[in-house]
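Visitor: Before we talk, please put the sequence and the structure in front of us, so that each question can be followed on the model itself.

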Amino acid sequence: MTQAPFPPIAMLAELTHRCPLQCPYCSNPIDLLKADREMETERWLDVFEQVAAMGVLQVHLSGGEPTLRRDLEQFVSTLSQTGVYTNLITAGVGLAGIRLEALASAGLDHVQVSFQGANAETTARIGRHSGAHAQKLAAARHARALGLALTINAPIHRHNIAEIPDYIDLALSLGAERLEIANVQYAGWALLNRRYLLPDGASIEHQVATVEAARARLVGVLEIDFVVADHFATYPKPCMGGWGRDAFVIAPDGLVLPCHAAMTIPSLRFERFGSRPLADIWRDSPAFNAFRGTDWMLEPCRSCERRDVDWGGCRCQALALAGDAAAADPVCVRSPLHARMAMLLEETLPPSDARTGGDLIPPFAFRRIGRT
Amino acid sequence: MTADRRRGIVSAQSRPRLAPYVRLRFDPVRNAWAVLAPERVLWPDAIGLDILRRCDGKTSISAIVRELACEYDGQGQEIDADVGAFLQEWADRLLVRL
Ligand code: SF4
Ligand code: SF4
């Protein structure tokens, strides 16, 4: 890094790893932190004051389930007083009613409710929570009634990929502004369960066509954000918009991370919030500078014209699949290891085994604390 | 309920306003005006900003065009087309309501 980095625009606060659901694709680490490892109220308030002063304009309050923190209203209120835009990333269980009202009056701007399925049955099966769907619907409707921006988040894998048209209807019927159709990213629990989650190629192609048609039909009515499936892509996604470029993450215990999966790169050492000012950690912590900009790149990225478009893709995926965190993300067709992506697909189950509709529960490792 | 929301189409009479969850804010760190929206930060240019500032739900598009034509000393027609295209795009992204 030759010049000082720009200030971050966004920050993801993973307030807790606790969650009433057990999604087998959860992006949290396998080693989930218990409540006693979470930072206290005062520390998080300090985080939020510091990020606002650094120039962060958007904070994503996430988890686990962020509403399990009883001090969430205080966080929202501190952020909104400094003009920071607040996004609540929630599963929506136990949220409708006085809780959401309190958050709205604290100044919350936007609620994103995840739906594990487009119907109650799929939601219960994937999230392992039988009453969740009705509670999510109630939360979404209440957010709408309170005038908050509403996004419906649909994490897609082989067990709900057939429900995309239903997700679109769901988002429309709830009056959401946005629908996020996000193919699961294979990190954390999703990586553990990849074999049972990866959709087959035909379903992915069908999905792309469905989403594109809906987008064209719903211009000005519903914004559809589409995160394509990595395993079928030509080029990788710019993970986090580039390492240490626009955004960063703070884990429940205060570790300051360039991306939520960064802990899977064992060569990096991360600093903990409070050791020194956050602005200093952002500017010159070795973990942030390790993959910032383009100087660290190897071929083929180093001389590639897309190097400051996708920043070489995901560092964690490069490590997991290419054995080197500085390699090109093997999602990229220009990576010499791109063929490994195809091999991963072969090891997934054929479409006939997917049985998306039935009550078959694959041998998922459902997310829970203290599993390892 | 907005369940049956329709796409808003720009006309001279529409009185645009920012969607209730969209905020226009000065950022002292970058010394620039930012538009904050769900999961998004946008940096409108000077003309964009002048349009967005007038999106108060009371001023009609034709009035906005008139004001901007004075301010920018421009051709009414050209400004008319620019403002219309800008607001249609922002309405289509659900940031402005017509
Ligand atoms: S993905 Fe599922 S288990 Fe993980 S935090 Fe979200 S709702 Fe909870
Ligand atoms: S070679 Fe590297 S920079 Fe170029 S497209 Fe592939 S991953 Fe991106």
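Visitor: How much area do chain A and chain B bury between them?

Guide: This is a predicted model, in which local features need pLDDT of at least 70 and side-chain atom pairs count only at pLDDT 80 or more, while totals for chains, interfaces and linings use all residues. Residues are numbered from 1 along each chain as its sequence is written, chains are lettered from A in the order in which they are written, and side-chain values use heavy atoms, with hydrogens and water left out. Buried area is the accessible area (1.4 Å probe) that two parts lose on being put together, summed over both. Carbon and sulfur atoms carry 54% of what the two chains bury, and the total is about 2,400 Å².

Visitor: Which residues of chain A lose the most area to chain B?

Guide: Contact here means heavy atoms within 4.5 Å, and the contact takes 25 residues from chain B and 33 residues from chain A. Three residues on the chain A side together make up 24% of what that side buries, and they are Leu57(A), Tyr85(A) and Gly220(A).

Visitor: Which residues of chain B does Ile9(A) touch?

Guide: Ile9(A) is found in the segment before strand S1 (10-14) of chain A, where a strand is a DSSP run of E with at least two residues and a helix a run of H or I with at least four, numbered from the N terminus. Within its own chain, and not counting residues up to four places away in sequence, Ile9(A) touches Gly55(A), Val56(A), Leu57(A), Gln58(A) and Asp246(A). The C-alpha atoms of Ile9(A) and Gly55(A) are separated by 6.4 Å, although the two are 46 residues apart along the chain. Across the interface, Ile9(A) touches Arg30(B), Val41(B) and Trp43(B).

Visitor: Is Thr122(A) buried or exposed?

Guide: Thr122(A) lies in helix H4 (residues 120-127) of chain A, and, leaving aside neighbours within four places in sequence, Thr122(A) is in contact with Gln116(A), Gly117(A), His159(A), Asn160(A) and Glu163(A). Buried means under 20% relative accessible area, exposed over 50%, and partly exposed in between (1.4 Å probe, protein chains only). Since the relative accessible area of Thr122(A) is 2%, this residue is buried.

Visitor: What share of the residues of chain A count as buried?

Guide: Chain A has 14 helices and nine strands, and the C-alpha trace spans about 55 × 50 × 45 Å along its principal axes. Of the 372 residues of chain A, the share that count as buried is 57%.
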